[in-house]
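Me: I am new to protein models and would like to go through one step by step. Could you take my questions in turn?

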Amino acid sequence: MGTLVRPGPAATAAGAASPISIASSSAHAAAGGGRAWSSRRRVSVAAFRSPSPQVLATRWRRRRDTAVRSDAVAGGAAAAAAGDSTQALSDLQVASRVRGVCFYLVTAVAAIFLFVAMVVVHPLVLLFDRYRRRAQHYIAKIWATLTISMFYKLEVEGMENLPPNSSPAVYVANHQSFLDIYTLLTLGRCFKFISKTSIFMFPIIGWAMYLLGVIPLRRMDSRSQLDCLKRCVDLVGKGASVFFFPEGTRSRDGKLGVFKRGAFSVATKTGAPVIPITLIGTGKLMPSGMEGILNSGSVKVIIHQPIQGNNAETLCSKARNVIADTLLLHGYGVH
């Protein structure tokens, strides 16, 4: 038969301790889980809670300081660029002024020596070539060529359209700059310019103009204008050529102005051809009203085919259209 074994006290104690320990562990676990859930809940709530005013103020100050520093850096860069641009512009202006001073020094020195040559040959000119004055114009061509060759490049197109010196003609051109006279004298044609009477008072240059036979004009004097036109008709009739700037004065904005009909009335009365000439670039080198400077660059002269007719208005329109079209083709404006 088997033996019945009854559990001892130790076993009972151990068996009783087991459920108590389990219950205690479960309670501790439940308590720990509650604290963890409470902590997570506080973190979640804090994540959605609005920042305090102090925090917002601190953030705003940081952003403002960053923006100010960025603006300061950008402003410094812009100021540096503007400073460089201003310095470059200032250097160009100084260079143009220096070049202008050198231009006038060269032309004055050359004029002194060549004026002496004009004075020496003038008696012979009056005896044998009173109206065309080819010797004087040849000296003037040398003077103009010596002057401009040192300061700007000159290109001439259409030389084949120039009549010989023995054939009288009426030349017309747009007027942009003080340099126009120098440029046109290099063509070597014996045309008589029309100039303000005040220019004749300039030493050397004014006297040389008188020896060349330049025609004086008082702009605001209607009688002087009539006398000027009569003298032009007389000169063309005697075999000389005349030169007009039909705009009457230099263009202030570089655009071609309205043509006056005086030159074309001379052409119709004498039957002489009209030779239109387009000057390009002189106004950029020495703008009107800024005769003290000389910018760097080049000049182009375009000599167009002769125009003839017996109607001054028609001749005026044709000549202006030819010059205007050429200027527009080269990027210049027309009024």
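Me: What share of the contacts in the protein with a separation of 6 or more comes from residues 24 or more positions apart?
Reply: Happy to help! This is a predicted model, where local features need pLDDT of at least 70, side-chain atom pairs count only at pLDDT 80 or more, and totals for chains, interfaces and linings use all residues. Residues are numbered from 1 along each chain as its sequence is written, and side-chain values use heavy atoms, with hydrogens and water left out. A contact means heavy atoms within 4.5 Å, and among contacts with a separation of 6 or more, the share from residues 24 or more positions apart is 73%.

Me: How many helices and strands are there in the protein?
Reply: Both kinds of element are DSSP runs numbered from the N terminus: helices are H or I with at least four residues, strands are E with at least two. Counted that way, the protein has nine helices and eight strands.

Me: What percentage of the residues count as buried?
Reply: Buried means under 20% relative accessible area, exposed over 50%, and partly exposed in between (1.4 Å probe, protein chains only). The protein has 335 residues, and the buried share is 36%.

Me: Which element gives the largest share of the largest nonpolar core?
Reply: A nonpolar core is a set of buried Ala, Val, Leu, Ile, Met, Phe, Trp, Tyr and Cys residues joined through side-chain atoms within 4.5 Å. The largest one has 42 residues, and Tyr152, Tyr171, Leu184, Phe193, Phe243 and Ile277 have the most contacts inside it. Elements giving two or more residues to this core include α3 (134–149), β2 (170–173) and β7 (274–280). The largest share, six residues, comes from α2.

Me: Is Ser241 buried or exposed?
Reply: Ser241 sits in strand β6 (residues 241–244). Its contacts, leaving aside neighbours within four places in sequence, include Pro168, Tyr171 and Phe191. Because its relative accessibility is 5%, Ser241 counts as buried.

Me: Which residue has its backbone nitrogen 3.0 Å from a polar atom of the side chain of Ser241?
Reply: Ser241 is in contact with several residues beyond its sequence neighbours, among them Ser167, Ala169 and Lys192. The backbone nitrogen that lies 3.0 Å from a polar atom of the Ser241 side chain belongs to Ala169.

Me: Where does Arg133 lie, and what is its relative accessible area?
Reply: Arg133 has a positive phi of about 60° although it is not a glycine. It lies in the loop between α2 and α3. Arg133 is buried, and its relative accessible area is 12%.

Me: What is the angle between the planes of Phe259 and Phe264?
Reply: Rings of Phe, Tyr and Trp (its six-membered ring) pair if their centres lie within 6.5 Å; planes under 30 degrees apart count as stacked, over 60 as edge-to-face and the rest as tilted. The structure holds 15 aromatic pairs. Phe259 and Phe264 form a stacked one, with 6.4 Å centre to centre and an angle between the planes of 15°.

Me: How far apart are the end C-alpha atoms of residues 103–126?
Reply: UniProt lists residues 103–126 and 199–217 for "transmembrane region" in an unreviewed entry; such annotations may be inferred rather than shown by experiment, feature names are shortened, and positions are given in the numbering used here. Residues 199–217 are 42% helix and 16% strand. The span 103–126 is 100% helix and 0% strand, and its end C-alpha atoms lie apart by 32 Å.

Methods: A polar contact is a pair of N or O atoms within 3.5 Å; within protein, one must be able to donate a hydrogen and the other to accept it, and residues adjacent in sequence count only if both atoms are side-chain atoms.
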